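Trainee: Could you take one strand and walk me through its surroundings slowly? I would like to know what lies on either side and what comes next in the picture.

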Amino acid sequence: MNDFPRITPRRVKVGLVAGGLGAYWPQFPDLLPQLQRSAARVSERMREFDAEVVDAGFISDAEEGAAAAEKLRAAGCDLIVGFLTTYMTATMLVPIAQRSGAPVLLINLQPTESMEHATFDTGQWLAYCGACPLPEMANAFTRCGIPFRSVSGHLEDERAWQRIGRWVRAAGVRAALRHGRHGLMGHLYPGMLDVATDLTLVSANFGGHVEVLEFDDLRVRAEKVTDTETADRVGLAREVFELADSVNEDDLAWAARVSVGLDRLVEDFALDSLAYYHRGLDGEIHERLGAGMILGASLLTARGVPAAGEYELRTSLAMLIMDRLGGGGSFTEFQALDFARGHVEMGHDGPAHLAISSRRPLLRGLGVYHGKRGWGVSVEFDVTRGPVTAFGLRQARDGSYGFVVSEGEVVEGPLLQIGNTTSRVDFGCDPGEWTDAWSASGISHHWALGTGHRLADLRAVADLLGAEVVHVFPATADR
């Protein structure tokens with residue numbers, strides 16, 4: 001992604017415990033020191049994921065497991081990683097999983113790719129025996145009703161560490177949602193039944209808090225913005241954007257004033273995301289505020305505080321998930337289908353994730369915002385070329401949230417020049433068939449478009465949240 005000064009998100013907190021069967025230590029004196037060295041290496045690698053690691057040390061029996069359980073419970077971890085260094089009993093890890101309240105990852109990483117069979121004695125073999133207790137843990141966890149996942153490999157196996165990193169990232173996203181504060185400002189776009197969201201369901205599915213805001217909360221802050229602050233924000237806009245000739249200086253200054261006020265709103269309410277809409281009437285102040293949001297919302301989104309228009313709370317949450325996975329995530333809907341080229345054209349009027357733009361984004365002055373009241377400056381950009389993921393949240397009839405995901409590629413082609421975000425996405429199949437399959441998933445008419453192929457990461461996040469994943473892909477698009 002392009003460089004933008006980002007907020008500093010909460011670091012994922014990983015609780016780590018390693019263990020083995022204490023009966024082995026007096027029998028094979030060299031075994032425990034070797035396993036402890038492996039545990040230290042795992043702790044070192046875990047910190048490379050920019051995680052705060054709470055290391056409960058090495059446990060050898062159920063009593064030490066209980067002590068580790070209390071330490072990790074008190075730490076409030078986002079993920080518990082149990083390192084199976086050799087055989088160990090399930091009673092050593094079950095209490096840790098039960099008391100922590102965090103998702104559990106079991107890792108079995110033997111010292112090297114393969115044993116030296118001709119020279120190894122029993123003690124040396126036992127250092128490679130981390131796979132032995134994995135089925136026991138799985139059985140006990142299942143019978144205790146504890147969800148878990150596992151990664152097996154060897155200590156320097158990069159494939160295994162990629163999978164471990166995926167779970168750490170997923171735990172970070174889960175934590176961002178559980179600790180998140182999500183602003184919802186204004187009111188529903190009239191008639192949009194699909195985007196209407198029961199706020200209790202956000203807490204039920206993801207945790208976190210939805211802060212209900214009025215546009216007056218923005219108004220009072222925008223009124224206090226000084227001319228100097230406004231001029232500074234105009235200067236920033238000129239650095240970040242290319243300005244079309246249609247940009248009116250008064251409209252740009254107003255958008256800059258609203259942008260500074262919006263920053264203060266986000267800071268005062270400690271928001272991690274924002275969804276907004278206000279219809280307004282006859283140029284009154286609330287209409288002008290709503291029309292002036294695009295600049296500030298785009299700058300916030302690029303800094304890691306996703307902002308979505310049209311009161312689209314579930315999409316602002318999808319944008320947050322995509323952003324925390326490193327893919328940006330821009331507010332998106334269908335615009336047109338290009339059957340001649342096989343592309344789906346998608347984007348939206350309003351805020352964009354500037355950090356994933358293929359070029360310097362453009363500010364265009366608009367005398368009319370289609371389907372909305374007001375006028376002002378709007379963002380025109382397209383997502384950078386290459387692999388992308390369309391991702392949105394669906395709400396089932398029972399109130400549960402699910403993930404809808406499809407991987408494609410942003411490609412070259414003609415783009416509209418109307419002050420909207422627009423990207424051409426090739427999903428590797430007929431665009432009409434893909435559109436039907438995507439719509440049949442139950443997605444709303446908005447979603448997040450992010451860079452990179454993120455299906456594997458999103459599956460991991462969904463696993464930790466207990467959410468269903470609907471994968472829309474070419475092989476099933478015509479069913």
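Mentor: Happily! Strands (E, at least two residues) and helices (H or I, at least four) are DSSP runs, numbered from the N terminus. This is a predicted model, in which local features need pLDDT of at least 70, side-chain atom pairs count only at pLDDT 80 or more, and totals for chains, interfaces and linings use all residues. Residues are numbered from 1 along each chain as its sequence is written, and side-chain values use heavy atoms, with hydrogens and water left out.

Let's look at strand β12, residues 343–348. Is this strand enclosed or open? All 6 of its 6 residues are buried (under 20% relative accessible area, 1.4 Å probe, protein chains only), so β12 is largely enclosed by the rest of the structure. In a regular strand, the side chains alternate between the two faces of the sheet. Here His343, Glu345 and Gly347 are buried on one side, while Val344, Met346 and His348 are buried on the other. Both faces of β12 are therefore covered.

Now for the partners, where two strands pair if DSSP finds at least two bridges between them. Strand β11 (residues 328–338) runs antiparallel to β12, and 5 bridges join them. One point to find on your screen is leucine 337, whose bridge partner in β12 is valine 344. The two strands form a hairpin with 4 residues between them, and glycine 342 in that turn has a positive phi of about 80 degrees.

Another partner of β12 is strand β17, residues 421–426. These two also run antiparallel, with 5 bridges joining them. To see this pairing, start at glutamate 345 and look for arginine 424 in β17, its bridge partner.

A helix belongs in this picture too. Helix α15 covers residues 431–440, and its buried residues are Pro431, Gly432, Trp434, Thr435, Ala437 and Trp438. What covers them includes our hairpin strands β11 and β12, along with β15 (386–395), β16 (401–410) and β18 (447–451); contact here means heavy atoms within 4.5 Å.

Both ends of α15 deserve a glance. At its start, a side-chain oxygen of aspartate 430 reaches to within 2.9 Å of the backbone nitrogen of glycine 432. Just after the helix, glycine 442 takes a positive phi of about 95 degrees.

To put β12 together again: β11 joins it through 5 antiparallel bridges, β17 does so through 5 as well, and β12 is among the strands that cover the buried residues of α15.

Methods. Buried < 20%, exposed > 50% of the residue type's maximum accessible area, 1.4 Å probe, protein only. Polar contact = N/O pair within 3.5 Å; in protein donor to acceptor, adjacent residues only side chain to side chain.
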